[in-house]
Structures are given as structure tokens and as C-alpha cells.
Amino acid sequence: MTNRTNKRKAILVTPEVCIGCRGCQTACKAWNQLPGMKTKNTGTMQNPPDLEPVDYNMIRYSEVPSETNPVRWLFVSRRCMHCDDAGCMRICPAPGALFRTKEGAVAFDKDKCIGCKLCVAGCPFDVPRYDKDGKIAKCHLCYDRLAEGMQPACTKTCPTGALRFGDRDQLIAQAKQAGYGKIYGEADLGGLGTIFAFKDAPKLYGYADKPNIPESVIFWHNVLKPLAVIGLGGALAGALLHYVAIGPHKDDDEEVKKS
Amino acid sequence: MSEMVRKAGNEEIINHWIMAVSCILLIITGYGFLFQLKGVYALFGGNYAMKVVHNWAGVVFIVSLFATMFNYLREALTYDADDWAWIKMGGGYLSKSAKKAPPMGKLNTGQKFYYLVILAAGIVIAASGFSIWQVQGNRALTQVSHLVHNLAFILFVVAVPVHAYLGTLANPGTFRIMVYGTVPIEFARKKYPKWMKEIGK
Ligand code: HEM
Ligand code: SF4
Ligand code: SF4
């Protein structure tokens, strides 16, 4: 939709080869200078439990039963998807707070963010978080590194190739060649910038089959926004028309001549 | 000089202007948000500054709206047969020729309706605004609030300009009520006969 050029970059996530080392989490913190955070052990290796203002990416440790084993461990990278049709960008009221980089990433500018937190309500993946100043915090595809010709810190660190960065078209072609029939995110929301080579149904990995921008945001965008302009315009035009065609109010006590 | 009748007290006039100015600020900044209007943001001194203006103008607006209840609420809830007759003739606004409107009290039927609509929509827009502003970590609530805030906004941008038109150009002689608070006695007898009778003039 907005940015489907051949230049679009992406991260391909292949859970099957992830060993859950969390090097990506550490590399992200190092590059973006994000402090550590105290968390509680809730009986899972997953840490942190979810994305945080200081955790732009994380590995989700899903335990699901398999045919051969009571537990099958799925390690899935979770982060901003850099949607082509991004709910966060649609709903954001502040110009420049969220912007599209030339690689197709959805990056942010904290100085322009007003901290209204509407992007939380617009994101299909519950990604945006807020720092202590109430400003947006999330993965920005290391656009600062990309600008210098480097790849993102997480993909650079990943030892197994579970996270790979490159031209989106190429990554998709390669994953298909490797035998993954469907690539999650290939066409959803105009095409995601974080794409997944899943062996099983997306649900198993914690992703909705068909991710969607919330209905309320679509309705607001397509109906309410135009109505706000038509409403004001109509009211002003109506008043003017009334003034010209009918004129000021007259309620004299005098005899009513015509009806 | 003819004798004057006081229709609005000073506190009523001051409160009305506080409400009007905050409402217009809210509408302007509201459009700024809706369409990411850079010029409007610049007018208020930048992105964050405009958000602060909007939020606090919202607080001022809802406080002044509540204050109007002392002035108009009882009147706005009182109806009789004349109101029905007024509705049927559209208040006399729909035809060029002069028509005799049914006798009205301090507020006419249209004004009473307008007041109740603004009161309700004002409470709704303030409640949803506060929710977007202050409540965190409840996605569904933010989504509903965002929707409701914008629905009420549409009502405002239709109703407020019409109200301003009716209070100025459409009814010569009324605007002075929001400046001086008084009107000539003959004018008052014509416009608010029931109220005049009530106060014995
Ligand atoms: C006449 C009254 C008001 C009008 C016309 C109005 C209008 C608007 C509009 C059009 C938006 C843009 C929403 C969007 O982009 O979807 C907005 C956003 C917002 N409004 Fe209001 N609003 C009013 C009152 C209030 C009040 C009373 C509050 C709360 C104190 C409030 C708080 C907010 C908040 C928090 C936002 C989100 C952006 C931000 O954080 O600044 N509004 N408003
Ligand atoms: S995943 Fe959420 S935050 Fe990231 S681009 Fe999509 S809508 Fe925006
Ligand atoms: S919190 Fe910031 S980035 Fe999110 S919608 Fe509001 S202004 Fe935009």
C-alpha cells in the first residue's frame, strides 16, 4: 500500500532454528542503551514476560505438546511488525511522531510524540510501549544502523539464522525454497516487515491467523474523520444559506400577511 | 432610551465566554489532531504543547459546562404545550415571512434542546477525553473512548456553529445579552412573554 517498493527490507524469523539464547534481546539493549529490568520467575524461561519500554524485542517461549514429546518448545521472536498498513500510524495524531523509513520500517521520534497512547489502541499486535516520560518505545528496525549500511543489532547477533535481515522479496523466496509453504505476514496488513516461516498454524506460535487493525480504528478513519469535515462545512454552509435565502428571524406581533 | 431588562448576570456572561473560548480551542486543536495539521500544532507551540492545551482546555470546558447547570438546567427541563407548537412551526426560522411564534419563557424550545444536547455531549466528550488522557493499559477502553470522543466531536462541530449563528446574525439584538446582559423591555416582551409575566414586567 504505502511503501511496497522492491527496496523494502525485512526480518525473517524462523522459530525452528532458534535455540532461545536471547542474544537478540541483549544486542538490542546494548545498541539502544536500554537498562535491565527486574522481573519475576513465573515458571517459564520466558523473560521478560512481555515487551516493555526497555525491551523492544523478546523471545516467546511457548510450550505446546507434540506427537513425540509432552512438551515442544517454540521460540518465537516478538517485536514490532513494521506493518505496511500500520494501525499505529493511522491513529497517531502527532505529525512526525511515527514515520516510515525508506527501508519500510515504522520508526518514531520521541520529541514529536505527545504521549497520547492512541497507538496502543491502533496496533493489531499490542506492540507500542511507553517510557517513563510517557513517550513511545518499540522496535524501530535499527534504522540508525541501516542508515550507516549496517544490519539491525539483533539479526547481526543471532548465531543460528533464526533472525535474518535482508531484502524482503529475497527472504520470502528463500524461505519458500527451504520448504515453508506459507510465510506469515507476506500479505497481511499490506505485508509485514517482520515475517515468519512457521511450520504449523500461526496460533501455535501465539499469532492470530488473520491480524487486523481494530474495527473501531477503521471506522474512525473511513467514516468519522470525513464526517468531522462534512459536519462543520455543512453547518457553516447551512447557516450562510439560511441567512441569504430566509434571513434573520422575524416574529412581529403584526398581522401575518402571507403564509 | 427605553427601559432595560436584565436577562443574564455577570457571572453567567463570564462563564459563557470561558466556555466558548475553551470550546473553540478544543475544536481547533481537535482538528489539529485529527488531520495532523502541522500549522495548527505550530500555532500552539509544538506537538506536546498543543496536547497540553487541549487537555487543560478540556478541564476548563467541563467545569464551566457544569457551572451552566445553575443557570439553564431547570428551565431546559420544563416543557408545555407551547413548546410543541414551537416545534411544529420550526420556531419561525423556516419561512421568509413574519410569523407569530408561540409564547416562550426565558429560553425557547430550540435553546432548551440545544442546552440538553450540549450538556450530554459535553459530559460524554469529557469522560472519553479523560479516559484517553489518564487511563493506561486498557486497550478496549481506549478504543471505545477514541470512538465516542470523535462521535461527540462531530455533534459539537455541527451544533456549536449553528448556535453561534442563531445567537448573532439570525437574531439581531440577541448578541448583546452575552455582552451587557440586558435587552430593551419591548424586545423582551416579544421574545420571552412568559418569563416577563413571571417576573411581573
Ligand atoms: C469540546 C470538547 C472537545 C473536543 C471538541 C475535542 C476534540 C478532540 C479531537 C477531535 C481529538 C482528536 C482525536 C483523534 O485524533 O482521534 C481529541 C483528542 C483528544 N482529546 Fe479531546 N476534545 C474535547 C474535549 C476533551 C476533553 C474534555 C478532554 C479531557 C480532558 C479531551 C482529551 C483528549 C485527548 C487526551 C485526546 C487524545 C490526544 C491527546 O492526548 O491530546 N478532550 N479531542
Ligand atoms: S506492529 Fe503495531 S507498532 Fe508495529 S507497525 Fe504494526 S501497528 Fe505499528
Ligand atoms: S503516543 Fe506518540 S506515537 Fe503513539 S499515537 Fe500518540 S503521539 Fe503517536
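How many residues of chain B are in contact with chain A, and how many residues of chain A do they meet? In this predicted model, 43 residues of chain B touch 42 residues of chain A. The size of an interface like this is often given as the accessible area lost when the parts come together. Here, chain A and chain B bury about 4100 Å² between them, and 64% of that sits on carbon and sulfur atoms. Three residues stand out on the chain B side: Arg139(B), His146(B) and Tyr165(B) supply 15% of the area that chain B buries against chain A, more than any other three residues.

What about charges and polar groups? The count of salt bridges between chain B and chain A is zero. Polar contacts, on the other hand, do turn up, with 17 residue pairs found across the interface of the two chains, both residues at pLDDT 80 or more. On the chain B side, the elements that give two or more residues to the surface touching chain A are helix H1 (10-34), helix H2 (38-43), helix H3 (47-67), helix H7 (139-167) and helix H8 (185-191). H7(B) makes the largest contribution, with 14 residues. Sorted by class, the side of chain B that touches chain A has 22 nonpolar, 13 polar and eight charged residues.

It helps to look at chain B as a whole. Its secondary structure comes to nine helices and two strands, and from the N terminus on the elements run β-α-α-α-α-α-α-α-β-α-α. Along the principal axes, the C-alpha atoms of chain B fill a box of roughly 55 × 35 × 35 Å.

Chain A is split up by its domain assignment into domain 1 (9-82 + 138-205) and domain 2 (214-259). The centres of these two domains of chain A, taken over C-alpha atoms, are 53 Å apart.

Now for the ligands. Ligand 1 lies between chains A and B. There are 22 residues around ligand 1, and the ones that come nearest are Phe33(B), His54(B), His146(B), His149(B) and Phe153(B). His146(B) has already come up as one of the three residues that lead the buried area of chain B against chain A. Two of the histidines place a polar side-chain atom beside a nitrogen atom of ligand 1: for His54(B) the distance is 2.7 Å, and for His149(B) it is 2.7 Å. From chain A, a polar side-chain atom of Trp220(A) lies 3.4 Å from an oxygen atom of ligand 1.

Which residues come nearest to ligand 2? Out of 13 residues around ligand 2, they are Cys80(A), Met81(A), Cys83(A), Cys88(A) and Cys123(A). The shell around ligand 2 divides into 10 nonpolar residues, two polar and one charged. Ligand 3 has 13 residues around it, with Cys92(A), Cys113(A), Cys116(A), Lys117(A) and Cys119(A) nearest. By class, the ligand 3 shell has 11 nonpolar residues, one polar and one charged.

Finally, the backbone of chain A has a few oddities. Most residues other than glycine have a negative phi, and most peptide bonds are trans. The peptide bond from Asn47(A) to Pro48(A), however, is cis, with omega near 0 degrees. Pro48(A) sits in the loop between helix H1 (23-32) and strand S2 (58-64) of chain A. Arg22(A) has a positive phi, near 65 degrees, and its place is in the loop between strand S1 (9-13) and H1 of chain A. His82(A) also has a positive phi, of about 50 degrees, in the loop between strand S3 (72-78) and helix H2 (87-91) of chain A.

Key
Residues numbered from 1 in each chain as written. Chains lettered and ligands numbered in written order. Predicted model: local features only at pLDDT ≥ 70, side-chain atom pairs only at ≥ 80, totals over all residues. Heavy atoms only, no water. Contact = heavy atoms within 4.5 Å. Buried area = accessible area lost by both parts, 1.4 Å probe. Salt bridge = Lys/Arg side-chain N within 4 Å of Asp/Glu carboxyl O. Polar contact = N/O pair within 3.5 Å; in protein donor to acceptor, adjacent residues only side chain to side chain. Helix = DSSP H or I, 4+ residues; strand = E, 2+ residues; numbered from the N terminus. Nonpolar A, V, L, I, M, F, W, Y, C, P; charged D, E, K, R; others polar. Near = heavy atom within 4 Å. Domains from an automatic or database assignment.
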